[in-house]
Amino acid sequence: MGHGIKEGRDRQVGLKQAWHGLTEVKAKIDPNNNYLTSWDVERRPLSVEVDGVTVESGFDILVGSDDGQLIGKPLSQAYKEVSNESFMDLVSDAMNRLPKAKLESIGSVGNRGKVFATISLGDHKEYKLGDREFQDFLNFGNAHDQSSRLWINNTNVCTVCENTFNFNLNSTKGLVGSAVHRGDIELKLADLTVLVDEFLDTQEDFKTKFDKLLKRRIDLEKAQQLYTGFLTRNNPREGVSARCLNTVERLGELFTRGAGNRGENYADAFSAVTDYYTHNSTRGGGKNKASQYYSSEHGLGRMNKNAFWTVVNNRELCEKTINRGKKLLELAAIN
């Protein structure tokens with residue numbers, strides 16, 4: 001599948017040229033005055049001619065408000081389209097929460113069958129916390145051709161074509177919310193606005209807490225005690241198993257040499273746990289990618305990442321975890 005931008009009907013507008021070389025580059029994209037606000041969808045009844053008589057089919061069809069040309073395929077009465085106006089209202093509401101956000105890309109693909117918008121969540125789409133670089137895009141997508149739901153997600157991929165539209169559509173890891181084109185669509189749009197607000201609050205909370213972790217020092221020995229206490233938190237009386245010690249050793253390696261880590265602070269300690277439970281925690285060191293992905297995003301890996309985040313952000317709980325790990329490691333050394 002290529003870029004999916006049909007000449008004369010589709011367009012992609014962005015702040016920089018995309019890989020396909022078809023971007024209409026602008027210095028700034030106004031959420032209230034842009035390509036997607038220049039046209040909308042209109043729903044019309046679909047009729048057929050039978051023996052010279054026009055008969056209503058019971059289906060409708062979408063057409064472009066500016067050119068009257070067809071968009072997508074016939075719609076059942078149960079299908080609820082989402083207009084470009086409503087779609088851009090979602091985008092604008094999110095940008096109003098983020099005064100420094102920029103509309104990075106906007107457009108349509110598939111003969112206007114799919115529309116999209118991407119905003120960056122600050123002065124730049126790339127930002128740094130310590131030595132770690134983050135790329136933060138909030139992507140919005142909607143399908144007039146019934147090929148997908150209305151969706152919003154947070155990834156490091158800016159939507160600029162049909163390929164990136166489908167990538168972000170199928171990226172469940174950063175899903176913020178979605179809505180099928182059925183039922184009370186206005187209520188669903190309102191619910192999505194709430195989900196975006198909650199997501200933005202969570203993002204800001206993460207950045208604030210992560211910055212604090214960068215300022216709290218911890219060395220390798222204490223980090224290993226923290227990991228030991230954390231891994232044995234459910235059954236401390238059972239002591240430290242060989243498997244636990246191997247995991248602690250691997251976490252220590254990631255603490256000192258993992259991506260962006262220097263082995264100096266609690267941000268390094270947390271990043272090591274995130275790295276481990278994202279890539280290496282399942283049987284065989286994460287070689288089964290499907291199993292590792294499920295654990296990381298939906299199973300035990302996700303639970304452990306969330307639990308460790310709670311520990312490192314609670315100083316009292318953190319000290320208790322370190323002390324438990326220290327005692328258990330001392331007992332393991334004696335035995």
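**Exercise 1. Find which residues H181 is in contact with, leaving aside its neighbours within four places in sequence, and then decide whether H181 is buried or exposed.**

Solution. Leaving aside those neighbours, the residues in contact with H181 are A78, Y79, K80, E81, V82, N142, A143, S148, R149 and L150. The model examined here, and in the exercises that follow, is a predicted one. As for its place along the chain, H181 belongs to the loop between β12 and α3. One of the contacting residues, N142, also takes part in a polar contact, in which its side chain and that of H181 are joined at 2.8 Å. The relative accessible area of H181 is 4%, and because the cut-off for buried is under 20%, H181 counts as buried.

**Exercise 2. State the order of the strands in the open sheet of seven strands, and identify its edge strands.**

Solution. Read across the sheet, the order is β2-β1-β6-β7-β10-β11-β12, and the pairing is mixed. The edge strands, each of which pairs on one side only, are β2 (24-25) and β12 (175-179). Helix α1, covering residues 84-97, packs on this sheet and touches β6, β7 (114-120), β10 (137-143) and β11 (150-155), while its direction makes about 10° with that of β7. Helix α3 (residues 185-215) lies across β10, β11 and β12, and it runs at about 180° to β12.

**Exercise 3. Follow strand β6 through its pairing with β1 and with β7, and explain why β6 is described as largely enclosed.**

Solution. Begin with β1 (residues 12-14), which pairs with β6 (residues 102-109) in the antiparallel sense over three bridges; here G14 stands opposite S105 of β6. Turn next to β7, with which β6 also pairs in the antiparallel sense, in this case over seven bridges, and where the bridge partner of S105 is T118. β6 and β7 form a hairpin with four residues between them, and in the turn G110 has a positive phi of about 65°. Finally, seven of the eight residues of β6 are buried, and therefore the strand is largely enclosed by the rest of the structure.

**Exercise 4. Describe how helices α4 and α8 cross, and name the residues that make the contact.**

Solution. Two packed helices are described by the angle between their axes and by the distance between those axes. The axes of α4 (residues 220-231) and α8 (residues 300-312) come within 11 Å and cross at roughly 125°, which means that α4 is oblique to α8. The contact is made by L226, Y227 and F230 from α4, together with N304, A307, F308, V311 and V312 from α8. The crossing in which α4 passes α8 is right-handed.

**Exercise 5. Locate Y266, and determine what it touches beyond residues up to four places away in sequence.**

Solution. Y266 lies in helix α6, which spans residues 266-279, and at 4% relative accessibility Y266 counts as buried. Not counting residues up to four places away in sequence, Y266 touches L213, R216, R217, I218, L226, V312, C318, E319 and I322. Among these, L226 and V312 also take part in the contact between α4 and α8. A separation of 9.1 Å lies between the C-alpha atoms of Y266 and D219, which are 47 residues apart along the chain.

Definitions and conventions:
Residues are numbered from 1 along each chain as its sequence is written. This is a predicted model: local features need pLDDT of at least 70, side-chain atom pairs count only at pLDDT 80 or more; totals for chains, interfaces and linings use all residues. Side-chain values use heavy atoms; hydrogens and water are left out. Two strands pair if DSSP finds at least two bridges between them. Helices (H or I, at least four residues) and strands (E, at least two) are DSSP runs, numbered from the N terminus. Contact means heavy atoms within 4.5 Å. Axes are lines fitted to C-alpha atoms, for helices over the stretch in contact, and angles run from 0 to 180 degrees between N-to-C directions. Buried means under 20% relative accessible area, exposed over 50%, partly exposed in between (1.4 Å probe, protein chains only). A polar contact is a pair of N or O atoms within 3.5 Å; within protein, one must be able to donate a hydrogen and the other to accept it, and residues adjacent in sequence count only if both atoms are side-chain atoms. Angles under 35 degrees count as roughly parallel, over 145 as roughly antiparallel, 65 to 115 as roughly perpendicular and the rest as oblique. A crossing is left-handed if the near helix is turned anticlockwise from the far one by less than a right angle, and right-handed if clockwise.
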